[in-house]
There are 2 protein chains.
Amino acid sequence: MATNVQLLKDALRKEGLLYTPQRQIIWDEICKTDDHRDAEEIYFKIKQGGHKVSRATVYRTIDVLVKNNLVRKLELGDGRNRYENKLDSSHHDHIVCIQCGRIDEFMDENIEKLQDEIAKKYQFKIVRHIHQLFGLCRDCN
Amino acid sequence: MATNVQLLKDALRKEGLLYTPQRQIIWDEICKTDDHRDAEEIYFKIKQGGHKVSRATVYRTIDVLVKNNLVRKLELGDGRNRYENKLDSSHHDHIVCIQCGRIDEFMDENIEKLQDEIAKKYQFKIVRHIHQLFGLCRDCN
DNA sequence: TCTTTAATGAGATTGAGTCTCAAAAGTAAT
DNA sequence: ATTACTTTTGAGACTCAATCTCATTAAAGA
Ligand SMILES: [Zn+2]
Ligand SMILES: [Zn+2]
Ligand SMILES: [Zn+2]
Ligand SMILES: [Zn+2]
């Protein structure tokens, strides 16, 4: 956890922002699981944990964390943004069950390479990508 | 255009829905360009064209068109859904400039195949996928 | 301490999208 | 064509995630 404190402090310093108890509480909550939760879930978990942090601060802090690469924003197409911590910073994409909501993670070096080639062909400089497979998991099929 | 009329009629019959002037107007508007427009843009273009169709009908009809494979829904991560007609029904994914909004289309057989392999490995039955590359286009870089 | 700047929180606001329900339009049988 | 029935439409209310406002609170610096 000490490491997580330092990561946050560094990010805030880089942004010229102050280190505050609220920001630490939010970052801690996001580090607690490897789930893919939306901002409301994170907000309510914090509340439930007995801390008082406002909704506005949760949203604002998440934005800072995303901008500084501590958190990844996922857009799973259900109208709300989801977030996962990047403590284990290895890149992955997602395969989502449209029935039960189960989310698995995958990573394919070959796909990643092919993306780079596409970028080169179109003369784009890629900064991020979304790659999600939607379907029915084994249990739901 | 005659073809487009028939495509709509067939889809509506399949759904047990009636063929109405409003639904044709909406489908026509979507067929007019190969852009990637959101529902509001489509709604206002129709209004601007002198037709009176309600917002609710636009949203409802787009849903029918998507369900019946005449229109593809895109989620480009900016909080609103975008749509493109599938008259030229070849599959493609998107590469998006985060600066100027330019959207190019790409298709890579190898990526598509690798996705199938991932699905097999995770025992998912894929029904759709999102694959978008975000970055700076040549002009913006 | 005093002054200045930054962060927070409660609640208002936005905006895409959905829902409601009375009115309008379509369908089918007489 | 008239009636009886069903479907669609449209205006506006509503929802929900997310953002904004601004008065209050907390932190930093002199
Ligand atoms: Zn990837
Ligand atoms: Zn993940
Ligand atoms: Zn594809
Ligand atoms: Zn396209």
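# Two chains and two DNA strands

Hi everyone, let's begin at one spot: A:Ile130 stands opposite B:Gln132, which sits in strand E6 of chain B. Please keep in mind that what you see is a predicted model.

That pair belongs to a bigger pattern, so to speak. Strand E6 of chain A is joined to strand E6 of chain B, residues 125–136, by 11 bridges, and the two strands run antiparallel.

Now let's step back to the whole meeting place of the two protein chains. How many residues of each chain are in contact with the other chain? There are 34 from chain A and 34 from chain B. The size of an interface is often given as the accessible area lost when the parts come together. For chain A and chain B the buried area is about 3,300 Å², with 66% of it on carbon and sulfur atoms.

Which parts of chain A make up its side of this interface? Strand E4 (93–97), strand E5 (103–106), helix H5 (109–122) and strand E6 (125–136) of chain A each give two or more residues to the side that touches chain B. Our opening strand, E6 of chain A, gives the most, with 12 residues. If you sort this side of chain A by class, you get 18 nonpolar, nine polar and seven charged residues.

What about polar contacts and salt bridges? Between chain A and chain B, 14 residue pairs are in polar contact, counting pairs with both residues at pLDDT 80 or more. As for salt bridges, the rule finds zero across this interface.

On to the DNA, starting with strand C. There are 18 residues around DNA strand C, and those that come nearest are A:Thr20, A:Lys52, A:Ser54, A:Arg60 and B:Asn81. Have a look at those names: chain A and chain B both appear among them. Which part of the DNA faces the protein here? Of the atoms of DNA strand C that come within 4 Å of the protein, 71% are sugar and phosphate.

We can point to some phosphate contacts on strand C. A backbone N or O atom of A:Ser54 lies 2.8 Å from a phosphate oxygen, and a backbone N or O atom of B:Asn81 also lies 2.8 Å from a phosphate oxygen of this strand. With A:Thr57, a polar side-chain atom takes part, at 3.1 Å from a phosphate oxygen of DNA strand C. Helix H2 (21–31) and helix H4 (55–67) of chain A, along with helix H4 (55–67) of chain B, each supply at least two residues of the surface near strand C. That surface has seven nonpolar, six polar and five charged residues.

Finally, DNA strand D. Of the 17 residues around it, A:Asn81, B:Leu18, B:Thr20, B:Ser54 and B:Arg60 come nearest. Sugar or phosphate makes up 74% of the strand D atoms within 4 Å of the protein, and the rest belong to bases.

Three backbone contacts are worth finding on your screen. A polar backbone atom of B:Ser54 is 2.9 Å from a phosphate oxygen of DNA strand D. For B:Leu18 the distance from a polar backbone atom to a phosphate oxygen of that strand is 3.0 Å, and for B:Lys52 it is 3.1 Å.

Which helix gives the largest share of the surface near DNA strand D? Helix H4 of chain B does, with three residues. By class, the residues near strand D divide into seven nonpolar, six polar and four charged. Thanks for listening!

Terms used
Residues numbered from 1 in each chain as written. Chains lettered and ligands numbered in written order. Predicted model: local features only at pLDDT ≥ 70, side-chain atom pairs only at ≥ 80, totals over all residues. Heavy atoms only, no water. Contact = heavy atoms within 4.5 Å. Buried area = accessible area lost by both parts, 1.4 Å probe. Salt bridge = Lys/Arg side-chain N within 4 Å of Asp/Glu carboxyl O. Polar contact = N/O pair within 3.5 Å; in protein donor to acceptor, adjacent residues only side chain to side chain. Helix = DSSP H or I, 4+ residues; strand = E, 2+ residues; numbered from the N terminus. Nonpolar A, V, L, I, M, F, W, Y, C, P; charged D, E, K, R; others polar. Pairing = 2+ DSSP bridges. Near = heavy atom within 4 Å.
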